[in-house]
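Me: I would like a close look at a single part of this model, namely the region in which strands and a helix pack together toward the end of the chain. Please take me through the pairing, the burial and any enclosed space in one connected account.

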Amino acid sequence: MNYLELSKEVSYALRHAPWEYELEMDEEGFVPIAQLLAALDETGHYERKITIEDLHYMMEASDKKRHEIVGDKIRALYGHSIPNKIQKEKATPPDVLYHGTAHKFMDSIMKNGLIPKGRQYVHLSMDTETALIVGKRRDNNPVLLEINAKQAYADGVSFYIGNDKVWLSDNILSKYIKIKY
Ligand code: HQG
């Protein structure tokens, strides 16, 4: 079983295209595991039926905590682009968060702030290492931004829990952004 491919397809289904898989998603992004397994089976992408044990193994083997199983349901923890906004749990962020990005976006970011672009929320990292890994997806030598989350939160910007390393937020104006390098 190629668990990386499975994880990518589960993320695609749960973040971007639940309708392609005929999944009924609730407002927190959960879908019935039985529905997901049936839909994966129908794709014909896998040499055998995917089981719930495969989903657990996929999550354990993953480099990041992307998915969560609660009871008989599964959801993606972040990354959504579907039109219906997933309700995330609001929380008080750490004083400082980080964002890794590409040089080519910097003019726009310093003018317009961080915006969700194609996703539902801005994605921020708890530590610099994670932020740099995120940034390297778009730039070999990414820009590291430090976010004054404490001040933004005090000024009324909402922050939400993603996973152990990822926080989500609404737009972050450039006055809260410092370019580290
Ligand atoms: C940039 C992956 C121009 C932003 C990662 C980013 C993460 C702007 C890009 C998660 C902008 C959006 C999300 C503005 C923001 N003008 N560009 N005003 N504001 N941007 O992929 O944060 O591995 O939607 O800097 O690890 O890169 O898939 O967001 O470069 O956790 O689980 O617009 O996705 O997780 O790109 O990544 P993305 P992201 P997985």
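Reply: What follows is a description of strands β4 to β8 and of helix α5, with a cavity at the end.

The model is a predicted one, and the account may begin with strand β4, which covers residues 96-101 and has five of its six residues buried, so that the rest of the structure largely encloses it. Strand β4 is paired with strand β6, residues 143-148, in the antiparallel sense over six bridges, and within that pairing G100 has L144 of β6 as its bridge partner.

Strands of a sheet pair through backbone hydrogen bonds, and the pairing may be parallel or antiparallel. Another antiparallel pairing here is that of β5 with β8, which are joined by four bridges, and in this pair L124 is matched with W167 of β8. Strand β8 also runs antiparallel to strand β7, residues 159-161, to which three bridges join it, with S169 of β8 serving as the bridge partner of F159. The connection between β7 and β8 is a hairpin that passes through four residues.

The side chains of β8, which spans residues 166-169, deserve separate attention: V166 and L168 point one way while W167 and S169 point the other way, and all of them are buried. Taking 20% relative accessible area as the limit below which a residue counts as buried, one can therefore say that V166, L168, W167 and S169 each fall under it.

Helix α5, residues 128-136, has T130, A131, L132 and G135 as its buried residues, and these pack against β4, β5 (122-125) and β6. An α-helix has 3.6 residues a turn, so residues three or four places apart point the same way. At the start of α5, the backbone nitrogen of E129 has a side-chain oxygen of D127 within 3.3 Å of it.

As for enclosed space, the count comes to one cavity of 30 Å³ or more, and about 30 Å³ of space lies in the largest cavity. The residues that line the largest cavity are Y78, G79, H80, K88, Q120, Y121, H123 and L168. L168 thus appears twice in this account, as a residue lining the largest cavity and as a buried residue of β8 that points the way V166 does.

Conventions. Residues are numbered from 1 along each chain as its sequence is written. This is a predicted model: local features need pLDDT of at least 70, side-chain atom pairs count only at pLDDT 80 or more; totals for chains, interfaces and linings use all residues. Side-chain values use heavy atoms; hydrogens and water are left out. Buried means under 20% relative accessible area, exposed over 50%, partly exposed in between (1.4 Å probe, protein chains only). Helices (H or I, at least four residues) and strands (E, at least two) are DSSP runs, numbered from the N terminus. Two strands pair if DSSP finds at least two bridges between them. Contact means heavy atoms within 4.5 Å. A polar contact is a pair of N or O atoms within 3.5 Å; within protein, one must be able to donate a hydrogen and the other to accept it, and residues adjacent in sequence count only if both atoms are side-chain atoms. On a 1 Å grid over the protein atoms alone, a cavity is a set of points where a 1.4 Å probe fits but cannot get out, and a pocket is an open set with protein on both sides within 12 Å along at least five of seven lines; lining residues have an atom within 4 Å of a point. Grid points are joined across faces, edges and corners, and a volume is the space filled by probe spheres set on the points.
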